[in-house]
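This briefing is meant for a reader meeting the structure for the first time. It begins with the contacts made by the ligand, then turns to the surroundings of the ligand and to the chain as a whole.

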Amino acid sequence: MNFGVVIAPSILAADFARLGDEVAAIDAAGADWIHCDVMDGHFVPNISFGSDVIKAIRPRTAKTFDVHLMIAPADPYLETFANAGADIITVHAEAGPHLDRSLQVIRALGKQAGVSLCPATPEAAIEHVLDRIDLVLVMTVNPGFGGQSFLDSQIEKIRRIRKLIGNRAIRLEVDGGITRDNAAAVAAAGADTLVAGSAVFRGKSSADYAGNIAAIREAAQAGQARR
Ligand code: DX5
Ligand code: ZN
């Protein structure tokens with residue numbers, strides 16, 4: 001299925017001292033979704049924020065909250081994130097032994113379900129859960145930190161996952177090191193949903209953010225047209 005391009009700024013790169021205002025600023029700047037990176041210092045070597053922060057910023061925009069859980073275990077917290085205002089909840093295939101069950105729980109909570117794959121995880125990890133997911137998130141850096149460099153090794157995986165998805169209504173999201181310079185390449189390989197942290201929150205104002213989002217979107221649309 002062919003979806004239009006979605007740009008999902010990651011608030012990990014926002015000014016945390018003014019987080020609510022930053023969410024409002026990217027909303028005004030044309031963000032499609034708000035990408036929330038939750039890190040536990042265990043599954044990934046960094047700690048970011050949890051469900052209370054998501055709940056606090058939820059009223060600042062009506063846009064889709066795309067919650068990326070880099071936590072293990074994830075299952076005990078799924079309901080809390082659903083109640084905090086997540087629209088999409090993505091768990092890592094590497095985070096627990098019962099991915100199929102985690103995905104069932106997310107959908108039973110009335111939310112869209114996503115699976116994320118670290119760079120070293122092959123696409124076969126999602127082959128048998130395709131009927132349970134709304135989104136696949138391909139990590140194009142090793143998760144844990146913003147501002148890292150894009151891993152070219154993931155382009156081929158994006159291409160393979162695009163094929164695996166076939167006609168299903170599943171979005172293919174990429175996350176990590178995405179810029180206006182590589183957005184066309186990931187979209188040409190099959191990504192339709194682009195997360196960007198540092199490349200969006202460059203500059204100070206909503207006007208700067210709008211220019212950054214527009215540049216990534218234009219490049220991605222051009223890449224999608226090459227598919
Ligand atoms: C990495 C996070 C990403 C990251 C993206 O662990 O999942 O969402 O914040 O940031 P940039 O775009 O700066 O790589
Ligand atoms: Zn993320």
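In this predicted model, an N or O atom in the side chain of aspartate 37 lies 2.6 Å from an oxygen atom of ligand 1. The protein covers 99% of the 380 Å² of accessible area that ligand 1 has on its own.

**Contacts of the ligand**
- The side chain of serine 198 also takes part, with an N or O atom placed 2.3 Å from an oxygen atom of ligand 1.
- Glycine 144 contributes through its backbone, where an N or O atom is found 2.8 Å from an oxygen atom of ligand 1.
- These three residues, together with Asp175 and Gly197, come nearest to ligand 1 among the 20 residues around it.

**Pocket and shell**
- Ligand 1 sits in the largest pocket, and the elements that give two or more residues to the shell around it are β2 (33-39), β3 (64-70) and β8 (193-196).
- The strand β2 gives the most to this shell, with 3 residues.
- Sorted by class, the shell around ligand 1 is made up of 10 polar, 8 nonpolar and 2 charged residues.

**The chain as a whole**
- The chain is built with 8 strands and 7 helices, and its C-alpha trace spans about 45 × 40 × 30 Å along the principal axes.
- A compact globule of 227 residues would have a radius of gyration near 17 Å, and the 16 Å of the chain agrees with that expectation.

Methods: Residues numbered from 1 in each chain as written. Chains lettered and ligands numbered in written order. Predicted model: local features only at pLDDT ≥ 70, side-chain atom pairs only at ≥ 80, totals over all residues. Heavy atoms only, no water. Near = heavy atom within 4 Å. Polar contact = N/O pair within 3.5 Å; in protein donor to acceptor, adjacent residues only side chain to side chain. Areas by Shrake-Rupley, 256 points an atom, 1.4 Å probe, with all protein chains shown as cover. 1 Å grid on protein atoms, 1.4 Å probe; cavity = no way out; pocket = protein on both sides within 12 Å on 5 of 7 lines; lining within 4 Å. Sits in = over half its atoms within 2 Å of the grid points. Helix = DSSP H or I, 4+ residues; strand = E, 2+ residues; numbered from the N terminus. Nonpolar A, V, L, I, M, F, W, Y, C, P; charged D, E, K, R; others polar. Rg over C-alpha atoms; globule rule 2.2 N^0.38 Å.
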